[in-house]
Amino acid sequence: MAERPSNLDEAQQQRRMAKKEMIKPLLGNECEIHNYSLQKITVGILGTGDFARSLATRLVCSGYDVIVGSRYPKCNESLFPSAIEVTSQREATNRANIIFVAVHHEHYSTLNKLRDGLMGKILVDVSNNVEVNEREESNAERLASMFPESTVVKAFNLISAWALQSGARDGSKQVMICSNSQEARCMVVEIARNMGFIPLDFGLLSSAKEIENLPLRLFPSWKMPIILTVVLFVLFYVYSFIRKVIHPYVMKGQNVFYKIPISVVNVALPCVSFVMLSLVYLPGVLAALFQLRNGTKYKRFPCWLDQWLQQRKQLGLLSFLCAALHAVYSLCLPMRRSARYQLLNEASALSRLGFTALVVSTLHVLTFGWRKAFDSTQYKFYLPPTFAITLIVPCIVLPTKAFLFLPCVNRKLKRIRRGWETSHQAKFREPGEADSVAHFSMESTSRV
Ligand code: NAP
């Protein structure tokens, strides 16, 4: 009983502190809110180009003392706000604790004369390349081998001078950081955070090449989905071309080549859209089957399935694009022709409702084609109607989904996804242990 008042006091104090925290604005004047001891450090910048100017201004705004080192300080002084000191490269490197090298990597050799001043300092390499894998070694690793007495950190290369100027409100916010020194990495992480960016720790300096290649890779996660869409489109286009144009020409001497630009394309587009929509759901179904078979969610999916799961959004968007193009093409055709695909089109337009769209599309294709499937005249050159081909993937996805919805299966799957394991034994192990069961794939399991 005697302890009760002190517990109450403690609780009250905690509530008061929490209230104080809540009163603080989430976002405010960035120059005011960051006031950590790290900001007492002097940040040096070598170079007076676009990047150096934006970086210097942003650092000053975040509360840092900034000193810029230039080959021609007198000429370039006016390019910077008065709060920033522009001096010689030598003086800047001597006075700063951490130095951003805002110089193109081709000119790194000219920094050799600053070796003494750079000794024991942290050098932040912000450089980018013009080609993927331009050199065997990354720029950061080259800088590290040139200045072995300094600690090199790769960072900020993905942030443009524009994004630095406009604060973190525009453009990319993520700063990928890597270095062989954890202390140096933490320091740059802190600086990036204080500047309003999101630091991402990429580990050792050997990751620098990957970081340097990132800005040169255009939409990396779209590559496979786009290739798949193009391949499917070509296949369906050729298939429809043979059935709709070549067959009447060979068998009846009918010249229907006018169908090539619109009619044939308009058959291929909904087919691609339909198959792509099914491909959005197929990996989820496969993942569920894997989990049921393994009896745990703590076992990694195969790499191909992991990647497929991560690209479902792109597949869905491309499916929607094909459906939208199909709608546009249908408007180019007389109403009589467009009516044929109307229902399928409507279903695809519902792609927001994803699975409903897939079910409705499949039902439509089945009802639309059921009669034709048993009509021998529809088999041109023994090729089944196009819709029959498009049904292959949905006919795998939908029954498997239905199976997974069976109460007994669904109950087991739900338990597995909550962490239950068939063997009833916790299988968490340290990474590196022989059994791969231990590697918990957050990426894979959480998104199924
Ligand atoms: P920039 O406008 O061409 O400026 C480069 C600066 O390097 C010059 O102003 C020059 O300043 C200095 N420099 C030092 N030694 C040099 C030498 N021997 N020859 C020529 N210049 C020398 O380039 P930047 O756009 O600021 O880019 C600088 C670095 O940041 C590059 O590595 C770039 O890849 C990287 N980066 C830039 C951006 C961006 O948006 N611009 C984004 C990410 C990364 P002094 O004459 O005063 O010495």
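## A ligand, a cavity and three residues

Trainee: In the shell around the ligand, how many residues are nonpolar, polar and charged?

Mentor: Good place to start, and keep in mind that this is a predicted model. The shell around the ligand holds 22 residues. Among those that come nearest are Thr48, Ser70 and Ala161. By class, the shell divides into seven nonpolar, 13 polar and two charged.

Trainee: Which residue has a side-chain N or O atom 2.5 Å from an oxygen atom of the ligand?

Mentor: Let's go through the contacts one by one. The side chain of His107 has an N or O atom 3.4 Å from a nitrogen atom of the ligand. Ala161 uses a polar backbone atom, 2.9 Å from a ligand oxygen. The side-chain partner at 2.5 Å from a ligand oxygen is Thr48.

Trainee: And what share of the ligand's accessible area does the protein cover?

Mentor: Start with the ligand on its own, which has 880 Å² of accessible area. Of that area, the protein covers 80%.

Trainee: Is Lys154 buried or exposed?

Mentor: First find Lys154 in strand β6, residues 151-154. Its relative accessible area is 0%. Buried means under 20%, so Lys154 counts as buried.

Trainee: Which side chains make polar contacts with the side chain of Lys154?

Mentor: There are two to look at here. One contact, at 2.3 Å, goes to the side chain of Asp125. Another, at 2.8 Å, goes to the side chain of Glu212. So the names you want are Asp125 and Glu212.

Trainee: Glu212 also lines the largest cavity; what is the volume of that cavity?

Mentor: Nicely spotted! The structure holds one cavity of 30 Å³ or more. Its lining has no nonpolar residues, four polar and five charged ones. The volume is about 40 Å³.

Trainee: Asn133 is in that lining too; what is its phi?

Mentor: Look in the loop between β5 and α7. Asn133 is partly exposed there, with a relative accessible area of 43%. Most residues other than glycine have a negative phi. Asn133 is not a glycine, yet its phi is positive, about 50 degrees.

Trainee: Phe156 has a positive phi as well; what is its relative accessible area?

Mentor: Phe156 sits in the loop between β6 and α8, and its phi is near 65 degrees. Phe156 is buried. The value that places it under the 20% cut-off is a relative accessible area of 1%.

Technical notes
Residues are numbered from 1 along each chain as its sequence is written. This is a predicted model: local features need pLDDT of at least 70, side-chain atom pairs count only at pLDDT 80 or more; totals for chains, interfaces and linings use all residues. Side-chain values use heavy atoms; hydrogens and water are left out. On a 1 Å grid over the protein atoms alone, a cavity is a set of points where a 1.4 Å probe fits but cannot get out, and a pocket is an open set with protein on both sides within 12 Å along at least five of seven lines; lining residues have an atom within 4 Å of a point. Grid points are joined across faces, edges and corners, and a volume is the space filled by probe spheres set on the points. Ala, Val, Leu, Ile, Met, Phe, Trp, Tyr, Cys and Pro count as nonpolar, Asp, Glu, Lys and Arg as charged, and the others, Gly among them, as polar. A residue is near a molecule or strand if one of its heavy atoms lies within 4 Å of it. A polar contact is a pair of N or O atoms within 3.5 Å; within protein, one must be able to donate a hydrogen and the other to accept it, and residues adjacent in sequence count only if both atoms are side-chain atoms. Accessible areas come from the Shrake-Rupley method with a 1.4 Å probe; for residues, only the protein chains shown count as cover. Helices (H or I, at least four residues) and strands (E, at least two) are DSSP runs, numbered from the N terminus. Buried means under 20% relative accessible area, exposed over 50%, partly exposed in between (1.4 Å probe, protein chains only).
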